[in-house]
Amino acid sequence: WMVFIIFMREIMMMAMRSLAAAKGKILGANKFGKSKGVVQYGLLIIILGLMTLNALGIIVPFLSQIIYWLILVTVVMTVVTGVMVFFKNKDLFGDA
């Protein structure tokens with residue numbers, strides 16, 4: 001379900017950017033969206049590192065729980081930034 005939420009947010013962003021472009025506007029990234037991206041990539045590196053350690057036989061206590069909570073942080077940031085962008089640009093959905 002987490003991947004689905006992240007995927008749907010990205011689809012929403014592409015649709016909003018396309019709609020903005022059709023109306024002659026630019027929907028640029030804001031600092032929160034960029035922060036989300038940095039956190040996503042950082043957590044991805046951490047998760048891959050933890051999984052690599054596990055594959056090498058180095059015991060990582062509570063590996064699945066750690067990965068779950070790291071991904072959950074990403075999902076929360078994804079939802080929050082998506083909602084922020086939507087409400088900041090809700091005028092795109094008017095008749096203008």
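**Notebook: contacts, cores and salt bridges**

I began with Leu 70 and, leaving aside its neighbours within four places in sequence, I found it in contact with Leu 43, Ile 46, Ile 47 and Leu 50. I note here that the model is predicted.

**Entry 1: confidence.** I looked up the mean pLDDT of the protein chain, which is 88, with 98% of its residues at 70 or more. Among the helices I compared, α1 has the highest confidence, at a mean of 91, and α2 (residues 31-55) the lowest, at 89.

**Entry 2: cores.** Which residues form the largest nonpolar core? I listed 7 of them: Leu 43, Ile 47, Leu 50, Val 60, Leu 63, Ile 67 and Leu 70. Helices α2 and α3 (63-88) each supply at least two residues of this core. I then recorded a second, separate core of 6 residues, among them Met 13, Met 16, Val 85 and Leu 92.

**Entry 3: Asn 89.** I located Asn 89 in the segment after α3. Is Asn 89 buried or exposed? Its relative accessible area is 15%, under the 20% limit, so I entered Asn 89 as buried. Apart from neighbours within four places in sequence, Asn 89 is in contact with Met 16 and Leu 27.

**Entry 4: Ile 26.** I found Ile 26 in the loop between α1 and α2. Ile 26 has a relative accessible area of 83% and is therefore exposed, the cut-off being over 50%. From C-alpha to C-alpha, Ile 26 and Met 16 are 9.8 Å apart in space, and they are 10 residues apart in sequence.

**Entry 5: salt bridges.** How many salt bridges does the whole structure hold? My search gave 3. In one, the side chains of Arg 9 and Glu 10 meet at 3.1 Å, N to O. In another, Glu 10 meets Lys 36 at 3.4 Å, N to O. This pair links distant parts of the chain, with Glu 10 in helix α1 and Lys 36 in helix α2, 26 residues apart. Arg 9, Glu 10 and Lys 36 are thus linked in a network. Within this network, Arg 9 is buried at 9% and Lys 36 is buried at 5%, whereas Glu 10 is partly exposed at 31%.

I also recorded a salt bridge between Asp 91 and Lys 25, whose closest N and O atoms are 3.2 Å apart. Asp 91 lies in the segment after α3 and Lys 25 in the loop between α1 and α2, 66 residues apart.

**Entry 6: surface.** Phe 4, Phe 7, Met 8, Ile 11 and Met 14 form a nonpolar surface patch, together about 510 Å² of accessible area. Met 8, in helix α1 (residues 2-22), is partly exposed at 38%.

Definitions and conventions
Residues are numbered from 1 along each chain as its sequence is written. This is a predicted model: local features need pLDDT of at least 70, side-chain atom pairs count only at pLDDT 80 or more; totals for chains, interfaces and linings use all residues. Side-chain values use heavy atoms; hydrogens and water are left out. Patches are made of residues with over 30% relative accessible area and no salt bridge: like charges are joined within 9 Å, nonpolar side chains (Val, Leu, Ile, Met, Phe, Trp, Tyr) within 5 Å. Accessible areas come from the Shrake-Rupley method with a 1.4 Å probe; for residues, only the protein chains shown count as cover. A salt bridge is a side-chain nitrogen of Lys or Arg within 4 Å of a carboxyl oxygen of Asp or Glu. Helices (H or I, at least four residues) and strands (E, at least two) are DSSP runs, numbered from the N terminus. Buried means under 20% relative accessible area, exposed over 50%, partly exposed in between (1.4 Å probe, protein chains only). pLDDT is the predictor's confidence in each residue, from 0 to 100. A nonpolar core is a set of buried Ala, Val, Leu, Ile, Met, Phe, Trp, Tyr and Cys residues joined through side-chain atoms within 4.5 Å. Contact means heavy atoms within 4.5 Å.
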